[in-house]
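Biologist: Before we go through this chain together, could you put the sequence and the model on the screen?

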Amino acid sequence: MASLCRGPRLLRTVAGLHLSPSTASIGVQVPIWRRSYANTSANPDRTCIITGASRGIGKAIALRLANDGYNICVNDIEANKDGVDEVVSQIQSLGRKAMPYLCDVSSSSAVTSMVRSSVSSLGPLNTMIANAGIAQVKPLLSLTDADVQRMMDVNFFGVYNCYTAAAKQMIAQAASASPTYKIIGAASIVAFRPFALLGHYSASKWAVRGLTQAMAMEVAGHGIRVNAYAPGIVGTAMWELIDEKMGEIKGAKRGETIRKYSDDLIALGRTSVPEDVAKLVGFLASEDSEYVTGQTMIVDGGIQFS
Ligand SMILES: NC(=O)c1ccc[n+]([C@@H]2O[C@H](COP(=O)([O-])OP(=O)(O)OC[C@H]3O[C@@H](n4cnc5c(N)ncnc54)[C@H](O)[C@@H]3O)[C@@H](O)[C@H]2O)c1
C-alpha cells in the first residue's frame, strides 16, 4: 500500500480499478481510489480454443465456457473426431458458435494453423486453453527414449505450442478484442509432488508449471494473463488407464487403485468429476481473474496443499 502512495508516476488505470489524483487538505498529492468491478458479460462474443476437448476435462471446460458466453474452437486428434463433432453440436445447441479442428498439438505448424482458422471463422482470439495431454504408467527405469519423447511432445511441447501461437495472435490483435487475454494450461497436482510410476508424466506437468510462470512474466505487458490448473484424481478415460496399468503392476483389480487413492488422499472424500475442474477454468477464463497471473491453481478436493 505504501508504495502505491509514492506519487503520480504510479497513478494509472487498469481494467476494473481506476485511480485519480487529488489534492488533499494537507497539500500533498495522494491517489484517491475509486473501484469498479469486473463484469463477465462485458464482452459477450469472446472466443476460445480448447485442445483435447472431445471428452473428459476438455469437454466439460468447453460446455462450461459456452454457457459463460464463449464461442469455441473444439480441438482433438483425428481418432476422436466423433467426440469433437458431438461437443460442437452441444455447444451450438446452447446458442453459441463452435467449430471442430482436428490436429495433433505436438506439431507447432498445426497449432499455428488452428489459431489462424479459429480467428478466421470465429473472430479474434480471447482465450487459449491448452488442455490436451496423455498419461503413461511405467517405472522410470523401464522407460524408453520414445516414451519420454512422446510424453514431452504432447504434454510440454503441445502446451508450449498453444501458449506461444496464442500469445503471438493476441499481441497482433492488440487491444481490439478484449481488455485482457487469457492463456490457460493443463498441469496437475503432480506438478507439485510427483506420483510414483508416473515419473515422466509428472516431469512434463512440472515443466508446464514452470512455462506458465515464465510466460506470465514475458507477456504481462501485452495484457495477457497466463495460468494453469492442477487437477487431482478426476474420473476420466485418463484415470481409467492409470487405474488399469497401476493395477497390473501392483496386482489390484480394476477400480481398486482409483478407489484407494481417492479414499486415502482426498480430504473431501470423493473422486473429482470434470465439472469440478471446469469451474476453476471458468474463473481463470473470466474477467474476474484479471489480477491473477503465473499461477498453477490446484483443484483436487484437498490432496496437495499449496
Ligand atoms: N484425469 C485426471 O485425473 C487429471 C489430473 C490432472 C491433470 N489432468 C490433465 O487434464 C488434461 C485432460 O485430461 P483428461 O483426464 O480429460 O484426459 P482424457 O484422456 O480423457 O482426455 C484428453 C484428451 O486429449 C486428447 N489428446 C491427446 N493427445 C493429443 C494431441 N497430441 N493433440 C490433441 N489432442 C490430444 C485426447 O484425444 C483426449 O481426447 C490432460 O492434460 C491431463 O494430463 C488430468
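Modeller: This is a predicted model, and a good place to begin is Ala62, which, leaving aside neighbours within four places in sequence, is in contact with Ile50, Ala53, Ile72, Val74, Val87 and Ile91.

Biologist: Which residues have the most contacts inside the largest nonpolar core?

Modeller: In soluble globular proteins, nonpolar side chains tend to be buried together. The largest nonpolar core here has 79 residues, and helix 4 gives the most to this core, with 11 residues. Those with the most contacts inside the core are Ala62, Ile72, Val74 and Tyr163.

Biologist: Which strands stand at the edges of the sheet?

Modeller: Seven strands form an open sheet with parallel pairing, in the order 6-5-4-7-8-9-10. Two of these strands have a single partner strand each, so one side of each is left without a neighbour in the sheet. The strands in question are strand 6 (98–102) and strand 10 (296–299).

Biologist: How many bridges pair strand 7 with strand 8?

Modeller: On the side of strand 4 (residues 47–50), strand 7 runs parallel and is joined by three bridges, with Thr127 as the bridge partner of Cys48 and Ile129 as that of Ile50. Towards strand 8, Met128 stands opposite Ile183. Strand 7 and strand 8 pair in the parallel sense, and the number of bridges is four.

Biologist: Which residues of strand 7 are buried on its two faces?

Modeller: Both faces of strand 7 are covered, and the buried residues can be listed by side. On one side they are Thr127 and Ile129, and on the other Met128 and Ala130.

Biologist: At about what angle does helix 8 run to strand 9?

Modeller: Helix 2 (residues 81–93) lies across strand 5 (71–76) and strand 6, and its direction is at about 165° to strand 6. Helix 8 (residues 274–284) packs on the sheet as well, touching strand 7, strand 8 (181–186), strand 9 (224–231) and strand 10. The angle between the directions of helix 8 and strand 9 is about 165°.

Biologist: Is Gly282 buried or exposed?

Modeller: Gly282 has its place in helix 8 and, not counting residues up to four places away in sequence, touches Arg64, Leu65 and Asp68. Gly282 and Arg64 are 218 residues apart in sequence, yet their C-alpha atoms are 6.7 Å apart in space. Because Gly282 has 20 C-beta neighbours inside 10 Å, it counts as buried.

Biologist: Which residues are closest to the ligand?

Modeller: The ligand is surrounded by 29 residues, and the elements that give two or more residues to this shell are helix 1 (56–67), strand 5, helix 4 and helix 6 (237–250). By type, the residues of the shell divide into 13 nonpolar, 13 polar and three charged. The closest to the ligand are Gly52, Gly56, Gly133, Ala186 and Thr236.

Biologist: Where does Gly133 lie along the chain, and how many other C-beta atoms are within 10 Å of Gly133?

Modeller: Gly133 lies in the loop between strand 7 (127–130) and helix 4 (145–173). Leaving aside neighbours within four places in sequence, Gly133 is in contact with Gly52, Val154, Asn155 and Ala186, and its C-alpha atom is 7.1 Å from that of Gly52, a residue 81 places apart in sequence. Gly133 is buried, and the number of other C-beta atoms within 10 Å is 26.

Biologist: Which residue has a positive phi although it is not a glycine, and why does that residue count as partly exposed?

Modeller: The residue is found in the loop between strand 8 and helix 5 (199–219), and its phi is about 75°. It counts as partly exposed because it has 18 C-beta neighbours inside 10 Å, where 20 or more would be needed for a buried residue. The residue asked for is Leu197.

Biologist: Among contacts between residues at least 6 apart in sequence, what percentage join residues at least 24 apart?

Modeller: The chain has eight helices and 10 strands, and buried residues make up 42% of its 306 residues. Of the contacts in the chain between residues at least 6 apart in sequence, the share joining residues at least 24 apart is 70%.

How values were computed
Residues numbered from 1 in each chain as written. Predicted model: local features only at pLDDT ≥ 70, side-chain atom pairs only at ≥ 80, totals over all residues. Buried ≥ 20, exposed ≤ 12 C-beta atoms within 10 Å, placed from the backbone. Contact = placed C-beta atoms within 7 Å. Pairing = 2+ DSSP bridges. Axes fitted to C-alpha atoms, helices over the stretch in contact; angles between N-to-C directions. Core = buried A, V, L, I, M, F, W, Y, C linked by C-beta atoms within 7 Å. Near = placed C-beta within 6 Å. Nonpolar A, V, L, I, M, F, W, Y, C, P; charged D, E, K, R; others polar.
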